[in-house]
Amino acid sequence: MAAADPAVVFEDTASCPICLDYFNEPVTLDCGHNFCRACIRRWWEGAAAAVSCPFCLEVFPQGNFRANRQLEALVNLIVKRLKGENEQAKPGGERVCEKHQEPLKLYCEEDQTPICIVCDRARDHRAHSVVPIDEAAQEYKEQIWRQLDDLEKGREEILTHIACEEEQSRELLRHVEIEKEKVEDRFERLHRFLREQERLLLAWLDKLGQEVTARKDETVLRLTEEVSCLNTLIREMEEKCEQPACEFMQDVRSTLSRCEMKPFQAPAPAAPEPKWRLWLFSQSLAFLQDTRRKLKASLVPEPNPGRADVTLDPDTANPWLVVSADGKDVSWGVAPQDLPDHPGRFDPAPCVLASEGFACGRHSWEVEVGEEAVWVVGVAQEPVKRKGVNQFSPEQRIWAVRKYWEQHWALTCPETPLHLHGRPRRIRVYLDYEGGLVAFYDAGNQAPIFTFPPATFAGETVRPFFELLSSASQIRLCP
């Protein structure tokens, strides 16, 4: 009789008689038989008092058991580590079940694990959905391929964003370098200007000091001569008084007339002392004000490089807006006009563009907005959205300022409130195309209103832009 396979005997010894699987938390009954803790509890579930061993049917008055730590350690170390974690393979590379040594040709969808045909008939998988492993593998491969397509698309999208970000960063860095060169050039001019002004001021003060010294020397010389004449007369009078009476009395009246002291005439200064100081202060103040004006002009571009002749384009005006025949005025009408609704007309936003556009150079124009009007004034870069609801901001290719009742805003994102002194009635718009600069000024007092950060117009045409926000508003382009 052939001897039993030790591996098979050991596998039977390490298996629970109830679930026929390797012991999981094995426990020992009073009769010495071993079972899984969960299996024996399910077996005894519902028993009133006495219970029995499922293997030998020995009856126990109470359902007592004790953990078998040695058996649990033996199963974990030998069975699970040596046989359970690494499924054996038959010659040819086919994987087999660790428990039944049968090929893993099926797949349990509930447990999500490969099984053999024997496992499929076992109680653990009998009620589960089981499919051929090749069919399950093909289905999951198709799902993975679909997900891979999405992942590749997402990767390409991210790479595209990275490329765009790098391109934008390079463009911004180029503008940063240009601005740095501009700043260095302006401050170099500023340093030269300040050094020249310092030289002029010191030279002016040196000249003033020389004039003061010369005037002092002239005055002291004249007074010294007068003192010398008085000293000579005093000596003569003293000698006259020492003569005998007969000699002294001769021609005494002439002596008295010569001795008579005339009132001292102090030299009149160019200006009294307080006035001289005031004059010096006024001269210094005028010089400093002139220096401040020149300094401001050296740092801030002139907002009026040359007035552009701007007229309104009626083909872009909203049907509610009425443009004058000369193209200089726009206001609300009493009813919408019957105008062709072509793509270039604003609707429903009550906006209008100028006929003129700029693609290079520096330009400025002035707009009369009125003290009580509600308006938006600025520039728009073509192409600009003209249909539907518009959000005016540089991101939407519009750089503008707005007055809404008593508050002024710069249409940045988010909007920037402007704290102005008074309500400007005439706005000057300044455009530096190459520098990407759009700035606004109060044309009445030349006070700056707002300057947008440098933009990139990228060769696109920039046109003056206007919006009327109330029926009582009116805008007029200054000639």
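Me: I've got this model open and I'm looking at two helices. Are α5 and α7 roughly parallel or roughly antiparallel to each other?

Reply: Roughly antiparallel. Keep in mind that this is a predicted model. To read a helix pair, you take the angle between the two N-to-C directions, and over 145 degrees counts as roughly antiparallel. Here α5 (residues 133-241) and α7 (residues 252-259) have axes that cross at roughly 150° and come within 11 Å, so the pair gets that label.

Me: And what is the handedness of the crossing between α5 and α7?

Reply: Left-handed, as α5 passes α7. On the α5 side, the contact is made by Leu 233, Glu 236, Met 237 and Lys 240, while α7 brings in Thr 255, Arg 258 and Cys 259. Sorted by character, the residues of this contact come to three nonpolar, three charged and one polar.

Me: There's a short helix in the sequence between those two. What does Phe 248 touch there?

Reply: Phe 248 sits in α6, which covers residues 245-249. Skipping neighbours within four places in sequence, Phe 248 is in contact with Lys 240, Cys 241 and Gln 243. Its relative accessibility is 25%, so Phe 248 counts as partly exposed.

Me: OK, now cores. Which residues touch the most other members of the largest nonpolar core?

Reply: The general idea first: in soluble globular proteins, nonpolar side chains tend to be buried together. In this structure, the largest nonpolar core has 37 residues, and Trp 365 and Phe 466 touch the most other members. Take Phe 466: leaving out residues up to four places away in sequence, its contacts include Leu 312, Pro 350, Val 352, Trp 365 and Ile 475. Apart from that core lies another one, of 18 residues, with Ala 14, Cys 19, Tyr 22 and Phe 35 among them.

Me: Let's stay in that early part of the sequence. Is Ser 15 buried or exposed?

Reply: Buried: the cut-off is under 20% relative accessible area, and Ser 15 comes in at 13%. Ser 15 belongs to the loop between α1 (6-13) and β1 (26-28). Setting aside residues up to four places away in sequence, Ser 15 touches Leu 20, Asp 21, Tyr 22 and Phe 23.

Me: Backbone next. Which residues should I look at for a positive phi?

Reply: As background, most residues other than glycine have a negative phi, and most peptide bonds are trans. Glu 25 has a positive phi, near 55°, and is found in the loop between α1 and β1. With 42% relative accessibility, Glu 25 counts as partly exposed. Arg 397 also has a positive phi, near 70°, and is located in the loop between β15 and β16 (398-404). Arg 397 is partly exposed too, at 27% relative accessible area.

Me: And where are the cis peptide bonds?

Reply: One joins Glu 382 and Pro 383, with omega about -10°. Pro 383 is part of the loop between β14 (375-381) and β15 (387-388). Another runs from Cys 413 to Pro 414, with omega near 0°, and Pro 414 lies in the loop between β17 (407-410) and β18 (416-418).

Me: Zooming out, how many helices and strands does the protein have?

Reply: Eight helices and 23 strands. The protein has 479 residues, of which 30% count as buried. For contacts with a separation of 6 or more, 58% are between residues 24 or more positions apart.

Note on methods: Residues numbered from 1 in each chain as written. Predicted model: local features only at pLDDT ≥ 70, side-chain atom pairs only at ≥ 80, totals over all residues. Heavy atoms only, no water. Core = buried A, V, L, I, M, F, W, Y, C linked by side-chain atoms within 4.5 Å. Buried < 20%, exposed > 50% of the residue type's maximum accessible area, 1.4 Å probe, protein only. Contact = heavy atoms within 4.5 Å. Axes fitted to C-alpha atoms, helices over the stretch in contact; angles between N-to-C directions. Helix = DSSP H or I, 4+ residues; strand = E, 2+ residues; numbered from the N terminus. Parallel < 35°, antiparallel > 145°, perpendicular 65-115°, else oblique. Left-handed = near helix turned anticlockwise from the far one by under 90°. Nonpolar A, V, L, I, M, F, W, Y, C, P; charged D, E, K, R; others polar.
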